[in-house]
Amino acid sequence: MEKTFFLSLVIAVYNEGEGLYKLVERIQSSLKEYEGNYEVILIDDRSPDNSWEILCELAAQHEELKIVRFIRNFGQHPALSAGMKLARGEYVVLMDCDLQDEPENIIPMYEKMKAEGKYIIYAKRKRRKDPFRKRFTSKLYNKLLSILSGMEVDPEIGTFRLMHKVVVDSFNKLPENRRYVGGLFYWLGFD
């Protein structure tokens, strides 16, 4: 009989190589007290470094890791979309691979979601480790997106979020094939 996964983590991988060891270690450490089952879906967006080889090594050692490799580089949003289609958990976490999204926050986010009866919890960064140029262009992009779309887009909210399966199922039904993940979650309108 197949395991029913309670929690799925979906992570796009690009040029992370050696950092993948630390990522898996921190995920396992942060979920060791967690009583449910979980899976970690890592989508290699055709990294030119040794990310795929390391993912294969890690997947052979850890049964909760599921790995997929794209045939070419499609980008972070298609990778996250592909991972959400594979996710089997009642709750799904999206997070970045570079550990700017801290796995230690997953359980507190889940507890907050349950306490407040929400369908989606976003993590807001207090401090970003990105270079000034990236922070500036990100803020400019989000401001322009807010103006053009009519949605209030917070530039400090990145990929890191926890969602109920209802949200993921709704997202997966959308017909768009060129997806901006953050914008589509705003558009879906879940509390």
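Let's start on the outside, where Phe132, Phe136 and Leu140 make a nonpolar surface patch of about 360 Å². A patch here is built from residues with over 30% relative accessible area and no salt bridge, joining nonpolar side chains (Val, Leu, Ile, Met, Phe, Trp, Tyr) within 5 Å and like charges within 9 Å. Areas come from the Shrake-Rupley method with a 1.4 Å probe, and for residues only the protein chains shown count as cover. Phe136 sits in helix α5, residues 132-149, and is partly exposed, with a relative accessible area of 47%. "Partly exposed" is the range between buried (under 20% relative accessible area) and exposed (over 50%), again with a 1.4 Å probe and protein chains only.

Before going on, keep in mind that this is a predicted model: local features need pLDDT of at least 70 and side-chain atom pairs count only at pLDDT 80 or more, while totals for chains, interfaces and linings use all residues. Residues are numbered from 1 along each chain as its sequence is written, and side-chain values use heavy atoms, leaving out hydrogens and water.

Now step back for the overall plan. The protein has 7 helices and 6 strands, taken as DSSP runs (H or I of at least four residues for helices, E of at least two for strands) and numbered from the N terminus. Starting at that end, the order is β-α-β-α-β-α-β-α-β-α-β-α-α. With 191 residues, a compact globule would have a radius of gyration near 16 Å, and the protein agrees at 16 Å; the radius is taken over C-alpha atoms, and the globule rule is 2.2 Å times the number of residues to the power 0.38. Of the 191 residues, 43% count as buried. Among contacts with a separation of 6 or more, 78% join residues 24 or more positions apart, a contact being heavy atoms within 4.5 Å.

Helix α4 (residues 106-116) gives a good look inside, as Ile106, Met109 and Met113 are buried there. Seen down the axis of α4, the buried residues fall within an arc of 65 degrees, so they line one face of the helix. That arc is taken from the directions from the helix axis to the C-beta atoms. What covers them includes strands β1 (7-13), β4 (91-95), β5 (120-124) and β6 (157-164), along with helix α1 (19-31). Just after α4, Gly117 takes a positive phi of about 65 degrees.

What about charges? Side chains of opposite charge can pair when their charged atoms come close. The whole structure holds 6 salt bridges, each a side-chain nitrogen of Lys or Arg within 4 Å of a carboxyl oxygen of Asp or Glu. One of them joins the side chains of Arg69 and Asp44 (3.3 Å, N to O). Arg69 is in strand β3 (residues 65-69) and Asp44 in strand β2 (residues 38-44), so the pair ties together parts that are 25 residues apart in sequence. Arg69 is partly exposed at 30% relative accessibility, whereas Asp44 is buried at 0%.

Back in α4, Glu116 and Lys112 form a salt bridge with their closest N and O atoms 2.7 Å apart. The two are 4 residues apart in the helix, or about one helical turn. Glu116 is partly exposed at 41% relative accessibility, and Lys112 is partly exposed at 43%. Helix α6 (residues 165-173) holds Lys165 and Asp169, 4 residues apart, and their salt bridge has its closest N and O atoms 3.7 Å apart.
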